[in-house]
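Visitor: Please give me a close look at how one helix packs in this model. Then take me on to the spaces and the backbone.

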Amino acid sequence: MKNKNAVAKHMLHGGDYNPDQWIDNPEILEEDLKFMKLAHTNAFSIGIFSWAALEPEEGRFEFEWLDNIMNNIATNGAKVALATPSGARPAWMSHKYPEVLRTNERREKMLHGGRHNHCLTSPVYREKVVVMNRKLAERYRNHPALMMWHVSNEYSGECHCPTCQQAFRNWLKEKYATLEALNLAWWGPFWSHTITNWEQIESPSPIGENMVHGLNLDWRRFVTDQTIDFYENEIIPLRELTPNIPVTTNFMADTNDLIPFQALDYSKFSKHVDILSWDCYPAWHNDWETTANLAMKVGFINDLYRSLKQQSFLILECTPSGVNWHPVNKTKRPGMHLLSSMQFLAHGSDSVMYFQWRKSRGSSEKFHGAVIDHDRNPNNRVFKEVAEVGKNLEKLSDIVGTMPDSKVAILYDWESNWALNDAQGFGLESKQYPQTLQQHYKAFWEKDIPVDVITKEQDFSKYKLLVVPMLYLMSKSLMKRFQEFANNGGTLVMTYLSGLVDEHDLTYTGGWPKKLQELFSINVLETDTYYPKDTNAVKYFGKTYNAKDYATILETSQQVDSLGTYQQEFYQGSPAVTKNIFGKGTTYFIGARLEDNFHKDFYQNVLDELQIVPPFAIKHDKGVSIQVREDEQYKYVFIMNFTENSQKVFLEQEARDIIADESVSGEIILNAYGVKIVKTKKDTRMGR
C-alpha cells in the first residue's frame, strides 16, 4: 500500500526558487534563508531557467553562484530538486545556432524568445543540452542537498522544420514499413491524397493539409514520441552519473476547463519518469461554477496522474495566492490555501510546492503569486497561510507514499480525444470528452468512493467497476480486453460515441463492431445530435431525467434488460440504458448524455449491486469531500469543506485528529473551507 519510490520520508514543502535573478542582491539571498525557516519549507526547485547564468558565453560555465545556493540550502536543512535549464536557451545560442529555434505550423522560423522555443530534433540543441546536464551531474552528484532531478519544465509545443519533417517521415517508415500500409491507414484516395514517395509527406499545416485525420493523429503521436526522445536524450548523463537520484518533469493541466493537458500523451510519457509530478492552478472563487465543482475537477486530474504510475505523486507548482495569466487573477480567500493544499495530499500527493518562492521584480511574472511578496514581509496574510500549511505538513509524514484503495476505475484516453476532436461531425462544440468523464467521476466523488482514472494500457482486473465514457477510438484488441474483464466477473459501463473508429481513425464498416455487439447484446443504429436548445427525456426506474447533446438509437436482443427508455422523438419508447450479463460479469450501456442526477442514481444502484461502499463512514451534506489514503495499518481520512458556509459532518466511528492530536467522533463543525485530517486503525480481519 506504500509507494517505495517516494522521494523523501516527509512531505515536501517549498517551490521554484530563482536566486539567479538576485545574484547582485546578497541581502535578498540571505533573507531567503531566514524566511525559508519561517515558512516551514524544506525543498526547492532551482535552476529551471538559469542557462544564461550557468553558461553566459558558449563554453564558459559559471557554477559558483549555484554552489553557494546549494550549500546554503543544505546548511539550512532543506533539499533541492535541481533543474536542467533546457526550457529556455540563452540568446547567444539562438544567435549563433538559429537552427535550434522552432518553425511553426505555417513554416515560419521563430525568433529568439519565449519558453520551449527549441527544435526537439535539432542535433545542436540536443548536444548543448547534454553538455550542460553532464556538467551539472558531475558537479552536484554527491552534494547533500541534491534530492531529485527536475528535468526541463512543462514540456510542450512542436516544431515543423525540415529536420523534424524528416524525423516524422522516419517515424512513419518504422510504424508502417510500406507506403501501401500508410495509405490504407490514412485513407489516401480521399481527395487524391495517395502518397507515392515518403518525401511527399508533410506535417499538418493550415497552409497545407490538415483534413487527413490519420495524418493528424500520427503527427500528435509523433510529437509525444519526439518529446519523450528529447527528454531521454536530456537524462543520459543524469542516469549515468546519478543512478540513484530520481528523475521527474512537471506535467500540466489545460486550465480553461481544468482538464488534462492535451498536447502530449502523458500515458506514454509517465513511463519515463521515476516520480510523476504536475503543476496545478485552478481558478478558485470563479463566477461560473461552485467551489465544490472545481474541486471535483482537481480531484479528477490528481487521480489520473496518480493512477498513471499507480503511486503517490508530487505537486511541483501551485500558487499560494493568485496567478498572472487567468482572465481574472483573483487571490485565494482565507482558508482556501490550506484546503486546496490538503486536497492535493488527499488524492495522493506527497508535496505542496509553489511557483514561486519570491516574486520577480520585472517581466511577465512580476505579479504572479509567491510566498514572498514585493513587501518582503513575513507577517502578510499569504506568507502566514503558507507557514500554516508547512506546520501541518510536518505532522503528516506517516501519510507519505500511501495510496487510496480504489475498486472503481474510469478510463481516459488521449488518442481517442485527439481523434474525436478531429471528427467533423456530431456537435463541434459539444463533444467535451474530458468534461464528460469528469461528470461521471463526479457521481463517485460526491459519494466518497475512491476512483482510479486509468488508461487503456493499464490492468483492468484489479477493479470491480470500469467506466468507459465516449471512447470514440477503440482497437479490436482493446474490445477483446473489455470482453475478458466482463467475462471474468467485472462490471463495465460504456456510453454513446464509443467504438466508432479504429486505431487509425478509420470507421468500422458493417455497423457497430461485432465484439461490442456481443459484449452489450445491442447494436448502435444511429447517433442523434441535438442543438443546444434541444432536449429529450429518459425514464429510468420510474424517474425521468433530462437528456441533451447526444442520443444513441439502439437495437437490442431479447436477453438485454432495458433499464431506461426515451420519452420523445421518433425513437420514443426505445431503449436508452441497457444491462446485459456477459460471462460472469455485467455490462451497461448509456445511450444518451444525461444529467448529474441520473449519474447519481444510476451509479448508486451499480455500487449497491457490487457492495462498494465508502472506505470511511461520514455523514455530510453536498460540497464536503471525503478522501482516504491507506497503508497496511491505518486509514488517513481527509474531510474537506468546499463550500462558503460552515458544515456539520458526523463520524460514525472514533478517529484521531492528526493535526490537533486528539480523539474525535460524532458531530464535527467544519468552517467554510475547513479541513480535518484523521486516522483510524484498519480492521485487518476484513481488510477495511
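Guide: We start with one helix contact and move outward from there.

The model is predicted: local features need pLDDT of at least 70, side-chain atom pairs count only at pLDDT 80 or more, and totals for chains, interfaces and linings use all residues. Residues are numbered from 1 along each chain as its sequence is written, and side-chain values use heavy atoms, with hydrogens and water left out.

Take helix 11, residues 291–309. Its partner is helix 12, residues 336–346. Helices here are DSSP runs (H or I, at least four residues), strands are E runs of at least two, and both are numbered from the N terminus. The two axes come within 10 Å and cross at roughly 30°. Axes are lines fitted to C-alpha atoms, for helices over the stretch in contact, and angles run from 0 to 180 degrees between N-to-C directions. Helix 11 and helix 12 are therefore roughly parallel (angles under 35 degrees; over 145 is roughly antiparallel, 65 to 115 roughly perpendicular, the rest oblique). Their crossing is right-handed, meaning that the near helix is turned clockwise from the far one by less than a right angle.

Who touches whom? Helix 11 brings Thr291, Ala295, Val298, Gly299 and Asn302, and helix 12 brings Met336, Gln343 and Phe344. Contact means heavy atoms within 4.5 Å. By class, that is 4 nonpolar, 4 polar and no charged residues. Nonpolar covers Ala, Val, Leu, Ile, Met, Phe, Trp, Tyr, Cys and Pro; charged covers Asp, Glu, Lys and Arg; the others, Gly among them, are polar.

Now the spaces. The whole structure holds 5 cavities of 30 Å³ or more. On a 1 Å grid over the protein atoms alone, a 1.4 Å probe fits in a cavity but cannot get out; a pocket is an open set with protein on both sides within 12 Å along at least five of seven lines; lining residues have an atom within 4 Å of a point. Points join across faces, edges and corners, and volume is the space filled by probe spheres set on them. The largest cavity is about 60 Å³. Its lining includes Leu294, Lys297, Trp288 and Glu289. That lining has 5 nonpolar, 3 polar and 3 charged residues.

The largest pocket offers about 500 Å³. It has 23 lining residues; Gln21, Phe49, Ala88, Arg115 and Glu365 lie nearest its centre.

Last, the backbone. A cis peptide bond links phenylalanine 355 to glutamine 356, with omega about 15°. Glutamine 356 sits in the loop between strand 11 (351–354) and helix 13 (381–393). Glutamine 432 is not a glycine, yet its phi is positive, about 50°.
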